[in-house]
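Grab a pencil and your favourite viewer. Below are some exercises, each with a worked solution to check yourself against.

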Amino acid sequence: MKPERNTIIGRWAELYGADLYRFARFRLGSVADAEDAVQDLFVRLATSSSDLGSVASPRSFLIRSLRNLCIDRLKRRTLSTTPLTEKMDIEQECEAESEIERIKVLMRHLPEEQSEVISMRTAQNLSFAEIAEILDIPTTTVKSRFAYGIDKLRKMLNDKK
Amino acid sequence: MNCEIFKQNIAELFDESVASGGEQSAIQREMLEHIETCADCKALYEEFCYTMDVLTPSVNAEPSVEFSRRLSERIEKATPKRKSLHRVLYRVGGAVASVAAMFLVVINLLPATPAKASSGYFGKAAAKLNQAQSLFMRISMRTMPAENFDFLDPTAEFVEHTVQRVGEAWRVDKGDRVMFGDGGQWWQWVESWNNGWTGYGVPSVLVDLMVNPQKLMQFEKSLAEADLGVIYETRNEGGLTFVTVTSPALGDWLESNYMYMSSILESDSRREYAFDRRTKELIAASVYVLYGTEEEKVLTVDQIIYNAPIMSADVARLPEGIEFVEPLNANSGARFVGISARQAAVKVFEAMKIWDVEVLREGIPFVDVERLRDDYEGVTILEVKDAVRSGLYVGYFVPMKVQYRNGKSEELMVAMRNDTPSGGWIVDGGI
Ligand SMILES: [Zn+2]
């Protein structure tokens with residue numbers, strides 16, 4: 001591995017590691033899977049020959065790549081019979097776990113393209129412009145998916161009240 | 001600002017900049033002003049806020065303190081598994097066995113057993129592919145765009161290949177490297193290198209299978225009818241039948257695992273095929289390589305169009321300004337007839353030492369030997385071991401330790417093959 005490549009990747013891990021972890025954690029559910037996915041992403045970058053110097057916005061680039069890895073993992077998971085949940089050892093993990101679970105149950109009422117945009121905005125605190133870049137769709141599309149999704153859930157929550 | 005415009009733009013009030021108290025845009029300001037005076041829109045806005053609250057996790061799932069340490073350790077450890085790309089690039093000729101040889105491997109391995117149920121799907125799909133007047137396919141594989149077509153790298157990104165076949169003619173394009181064949185001769189070129197080669201037959205197992213997927217189906221059929229510790233699973237879903245084949249790496253691994261995981265068939269793999277239940281056509285496929293408890297998707301057939309409108313003229317188009325050389329000709333290896341692979345490798349390195357261009361051109365036909373001169377002129381052999389076979393490679397690997405004229409020494413696995421027109425040995429890779 002060229003030293004500069006190593007340096008760039010190390011720097012990215014330092015700057016964006018936690019963001020990426022949160023992203024994967026929300027997508028995949030378990031702590032172990034999230035850590036594993038992020039490690040997997042960086043290992044791939046370290047061993048691939050793609051030109052990192054030309055990456056314009058590393059954060060979006062990393063999230064986009066991680067998103068693809070998560071999608072692959074989720075597909076694989078449905079093919080095999082891996083248990084979806086793992087035991088958590090600390091209280092806060094349980095809390096985060098059940099909250100994420102609760103939110104995911106709500107999101108299931110929405111088409112994937114809307115819930116994805118919403119969770120990127122809420123759980124990952126990404127701006128609409130960043131989401132557009134990651135998903136490679138226009139910002140206007142991101143905003144309308146977001147508004148449709150929230151509006152639908154709003155009506156649902158209203159009915160429940 | 002009116003209520004209609006407010007509703008249309010309501011997402012604006014939930015962008016990251018507003019949430020974090022950053023600067024407001026003109027429309028955001030106007031909208032916030034509007035809700036001061038409009039009770040309906042204010043109510044809507046508040047309901048949106050409430051919904052957002054419900055959907056935002058209050059406990060942020062923070063990584064543990066150990067996480068960043070573990071991550072940097074993993075990055076540190078992740079060194080390329082392969083030798084430098086520069087070496088692999090010299091394997092332009094296509095280093096693995098032909099499809100025919102691959103069949104022999106399978107057929108020779110064990111006696112046939114009663115046909116497994118899945119062999120029927122493969123047989124029918126093969127017939128459908130055979131009947132197609134033309135085929136268009138999109139295939140993605142983890143490899144490099146300029147690298148030879150068989151080259152697999154499970155750690156690389158996916159590279160899209162487009163495959164076209166009409167009548168006898170076919171074309172496979174992976175971005176930088178393109179190959180076209182007319183049923184007899186093939187032409188292959190890498191645009192970015194400005195290099196082209198030509199020859200006869202199909203010089204790549206994978207290209208042969210991409211262009212003739214019916215051969216792959218027949219291969220799977222014969223594999224299903226033999227008993228090789230291969231596992232089959234079949235399931236029906238949404239009008240499709242999925243057949244999954246889990247099989248060990250094919251080839252000869254007694255002497256060396258050098259080629260292990262260098263191609264799909266030389267990897268432990270899981271291959272998933274989707275067939276249309278009604279038409280029996282193959283419509284998609286995925287290949288995963290397995291290592292230990294890990295697996296990696298390395299190839300997907302994303303699209304197959306049967307009888308696609310393909311123009312022969314487009315398939316046969318050759319690039320301008322690239323000169324095509326025929327690397328394997330009657331002279332190739334002519335001075336390396338009747339000796340062992342090991343002796344031939346030694347002879348090539350002795351010719352490098354004194355830079356005997358005529359001998360080198362015969363012995364290393366796939367490369368412009370002048371490109372090697374800087375690195376290899378004056379090289380001395382420190383050690384040579386017996387040649388070994390590995391995987392499905394048609395030739396032998398000669399393990400060598402050499403010292404360059406700058407004093408550096410290096411261990412090499414020099415790939416030698418003698419399936420040449422002259423029957424003599426040539427260097428096929430590893431330098
Ligand atoms: Zn209003």
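Throughout, "buried" means under 20% relative accessible area, "exposed" means over 50%, and "partly exposed" is anything in between (1.4 Å probe, protein chains only). This is a predicted model, so local features need pLDDT of at least 70 and side-chain atom pairs count only at pLDDT 80 or more, while totals for chains, interfaces and linings use all residues. Residues are numbered from 1 along each chain as its sequence is written, chains are lettered from A and ligands numbered from 1 in the order in which they are written, and side-chain values use heavy atoms, with hydrogens and water left out.

**Exercise 1. Take stock of the two chains.**

Solution. Start with the secondary structure: helices (H or I, at least four residues) and strands (E, at least two) are DSSP runs, numbered from the N terminus.
- Chain A has seven helices and zero strands.
- Chain B has 14 helices and 16 strands.

Next, burial: 53% of the 161 residues in chain A are buried, and for chain B the figure is 51% of 431 residues.

Last, contacts, meaning heavy atoms within 4.5 Å. In chain A, 70% of the contacts between residues at least 6 apart in sequence join residues at least 24 apart. In chain B, 59% of the contacts with a separation of 6 or more come from residues 24 or more positions apart.

**Exercise 2. Work out how helix α3 of chain B sits in its surroundings.**

Solution. First check the length. The expected span is 1.5 Å times one less than the number of residues. For the 12 residues of α3(B), 26-37, that gives 16 Å, and the end C-alpha atoms agree at 17 Å apart.

Now mark the buried positions: Gln28(B), Met31(B), His34(B) and Ile35(B). Viewed down the axis of α3(B), the buried residues fit within an arc of 120° (taken from the directions from the helix axis to the C-beta atoms), so they line one face. The general rule helps here: an α-helix has 3.6 residues a turn, so residues three or four places apart point the same way.

Then flip the helix over. Glu33(B), Glu36(B) and Thr37(B) are exposed on the face turned away from the buried side. Finally, look for partners: the buried residues of α3(B) pack against α1 (3-8), α2 (16-19) and α4 (39-55) of chain B.

**Exercise 3. Describe the zinc site.**

Solution. Collect the donors, which are N, O and S atoms within 2.8 Å of the metal (3.2 Å for Na, K and Ca); water is not among the atoms, so sites may look incomplete. Here you get SG of Cys3(B), NE2 of His34(B), SG of Cys38(B) and SG of Cys41(B), at 2.1 to 2.4 Å.

Check the geometry next. Four donors count as tetrahedral if all angles lie between 85 and 135 degrees; these span 103 to 115°, and the site is tetrahedral.

Now read the spacing along the chain: C-x30-H-x3-C-x2-C. Cys3(B) in α1 and Cys41(B) in α4 are 38 residues apart, so the pair links distant parts of the chain. Is each of these two cysteines buried or partly exposed? Cys3(B) is partly exposed because its relative accessibility is 32%, whereas Cys41(B), at 1%, is buried.

**Exercise 4. Place Ser263(B).**

Solution. Find Ser263(B) in the loop between β8 and β9 (269-276) of chain B. With a relative accessible area of 10%, Ser263(B) is buried. Leaving out residues up to four places away in sequence, Ser263(B) touches Asp150(B) and Leu152(B). The C-alpha atoms of Ser263(B) and Leu152(B) are separated by 5.1 Å, with their positions 111 residues apart along the chain.

Notes: Tetrahedral: all angles 85-135°; square planar, octahedral: opposite > 155°, others 65-115°.
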